[in-house]
Amino acid sequence: MLYFLAELAQNLSALNVFRYITFRAGGAFMTALIFGFLFGRPLIELLRVRQGRGQPIRSDGPESHILTKAGTPTMGGLLILSAIVFSTLLWARWDNGYVWMVLFVTLCFGLIGFVDDYAKVRKQTHAGVSGRVRLGAGFAVALIAGGWAMYLHPPDLTGQLAFPVFKQFMLDLGWFFLPFAMLVIVGAANAVNLTDGLDGLAIMPVMIAAGSLGVIAYVVGRTDFTEYLGVHFVPGTGEILIFVAALIGGGLGFLWYNAPPAAVFMGDTGSLALGGALGAIAVATKHEIVLAIIGGLFVVEALSVIIQVAYYKRTKKRVFLMAPIHHHFEKKGWAEPQIVIRFWIVSLILAMIGLATLKLR
């Protein structure tokens, strides 16, 4: 919204700064961060009163969780989502379709997660909305988002799948791009959801991945950068950086309260929304494969569950002591902060590798 103050620049040249994406991204970051600090504690107290016994803890999980995490309120993702929406609408251009598409996915997946969290708290069980309903709703949202992205993409990129490193090679998926985009968005949402199992574990890798995708969105939205790096040009995606900056600011505000020992959990409200946002940004920027590198930690977490379930059904034995894989390390005796910080380090390394593909030819 503040971008349109630049229209007054003819009379006041100082307002020209609102034309710059980088300036508005900084504003979005600070706005979301302050929003998180201002409303974090009141929201946590409200959730604590409303939820009573807080998020139900899995009885088959690590014993330490039952002792230390019982009674902690959930749905803290509402703080992140509120900060993102407020800051994005304040600082981003309202005439940019990519911003609205990413916001749409984020809020819809946040709503799916909220309904699931509400069911868990009300029934006091870790089983909320059925998996089929959640997946069905998620795929419906992703279908709309995939079609929206195809409409926004320039004609020479519509339905095309881009590859890192081999930048001149594009695979024409045609309308099959829609199911592919659906898998990317829904897969990212559920992978982040599976990762959210320890205090602070999911939010930092999400911010790292989002920051990397924000850089990519800014780069592919500028002809000078795309010509230099030899990557495809997707006009308009630079504005997604505003959303990403708001996500990082809101994420840091949330982490202040989610750091061990957590005063609040983000719940499915936050994890599904943030994962869906990562998938939507990747689809918008045509960097779906790079997302698998940048978000490699989420991929490993999801794969550990798939492998565990498939192997157990076949042999009645387990590959990991417990899945997702962060619980495997807990069972091996790693302390929770040790797991969290090491996973953060892995996420940062993967993000740097993913960003390096922009330069590699």
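Colleague: As I understand it, helices (H or I, at least four residues) and strands (E, at least two) are DSSP runs, numbered from the N terminus. So to start us off, where is the place of Gly 113?

Modeller: Gly 113 sits in helix 4. Before we go on, this is a predicted model: local features need pLDDT of at least 70 and side-chain atom pairs count only at pLDDT 80 or more, while totals for chains, interfaces and linings use all residues. Residues are numbered from 1 along each chain as its sequence is written, and side-chain values use heavy atoms, leaving out hydrogens and water.

Colleague: Got it. Is Gly 113 buried or exposed?

Modeller: Gly 113 is buried, because its relative accessibility is 0%. Buried means under 20% relative accessible area, exposed means over 50%, and partly exposed is in between (1.4 Å probe, protein chains only).

Colleague: And what does Gly 113 touch?

Modeller: If you skip residues up to four places away in sequence, Gly 113 touches Asp 268, Thr 269 and Leu 272. A contact here is heavy atoms within 4.5 Å.

Colleague: How many Å lie between Gly 113 and Leu 47 in space?

Modeller: From C-alpha to C-alpha, Gly 113 and Leu 47 are 15 Å apart, with their positions 66 residues apart in sequence.

Colleague: Let's stay with that helix. Which helix does Leu 107 lie in, and what is its relative accessible area?

Modeller: Leu 107 belongs to helix 4. Its relative accessible area is 40%, so Leu 107 counts as partly exposed. You can also pick out Leu 274, which is 167 residues away from Leu 107 along the chain, with 9.3 Å separating their C-alpha atoms.

Colleague: New topic: the nonpolar core. Which residues in the largest one touch the most other members?

Modeller: A nonpolar core is a set of buried Ala, Val, Leu, Ile, Met, Phe, Trp, Tyr and Cys residues joined through side-chain atoms within 4.5 Å. The largest has 90 residues, and those touching the most other members are Phe 109, Ile 203, Ile 240, Phe 243, Leu 247, Leu 274 and Leu 278.

Colleague: Which helix gives the most to this core?

Modeller: That is helix 7, covering residues 203-220, which gives 13 residues.

Colleague: Can we zoom in on one member? What is Ile 240 in contact with?

Modeller: Without its neighbours within four places in sequence, Ile 240 has contacts with Tyr 98, Val 99, Val 102, Ala 217, Ile 281, Ala 284 and Thr 285. There is also another core, apart from the largest, with nine residues that include Phe 320, Ile 325, Phe 329 and Ile 339.

Colleague: Back to helices, then. How many residues of helix 10 are buried?

Modeller: Helix 10 is mostly covered, with 19 of its 19 residues buried. Helix 10 runs over residues 267-285, and at 1.5 Å a residue it should span 27 Å; the C-alpha atoms at its ends are 28 Å apart, so the two agree. The expected span is 1.5 Å times one less than the number of residues.

Colleague: Which residue follows helix 10?

Modeller: Lys 286 follows helix 10, and its phi is positive, near 65°.

Colleague: What about Ser 87: where is its place, and what does it touch?

Modeller: Ser 87 is part of helix 3, residues 77-91. It is counted as buried because its relative accessibility is 0%. Setting aside residues up to four places away in sequence, Ser 87 touches Ala 28, Thr 31, Ala 32 and Ala 246.

Colleague: Last topic: empty space. How many cavities of 30 Å³ or more are there?

Modeller: There are two cavities of 30 Å³ or more. On a 1 Å grid over the protein atoms alone, a cavity is a set of points where a 1.4 Å probe fits but cannot get out, and lining residues have an atom within 4 Å of a point. Points join across faces, edges and corners, and a volume is the space filled by probe spheres set on them.

Colleague: What is the volume of the largest cavity, and which residues lie nearest its centre?

Modeller: The largest cavity has a volume of about 110 Å³. Its lining has 13 residues, with Ala 162, Phe 163, Pro 164, His 232 and His 287 nearest the centre. Helix 11 (residues 288-294) supplies the largest share of that lining, three residues.

Colleague: And which residues line the second largest cavity?

Modeller: The second largest cavity, with a volume of about 40 Å³, is lined by Phe 109, Ile 112, Arg 134, Leu 135, Gly 138, Val 186, Asn 190 and Leu 272. Helix 4 (97-123), helix 5 (131-152) and helix 6 (177-195) are the elements giving two or more residues to this lining. The largest share, three residues, is from helix 5.

Key
1 Å grid on protein atoms, 1.4 Å probe; cavity = no way out; pocket = protein on both sides within 12 Å on 5 of 7 lines; lining within 4 Å.
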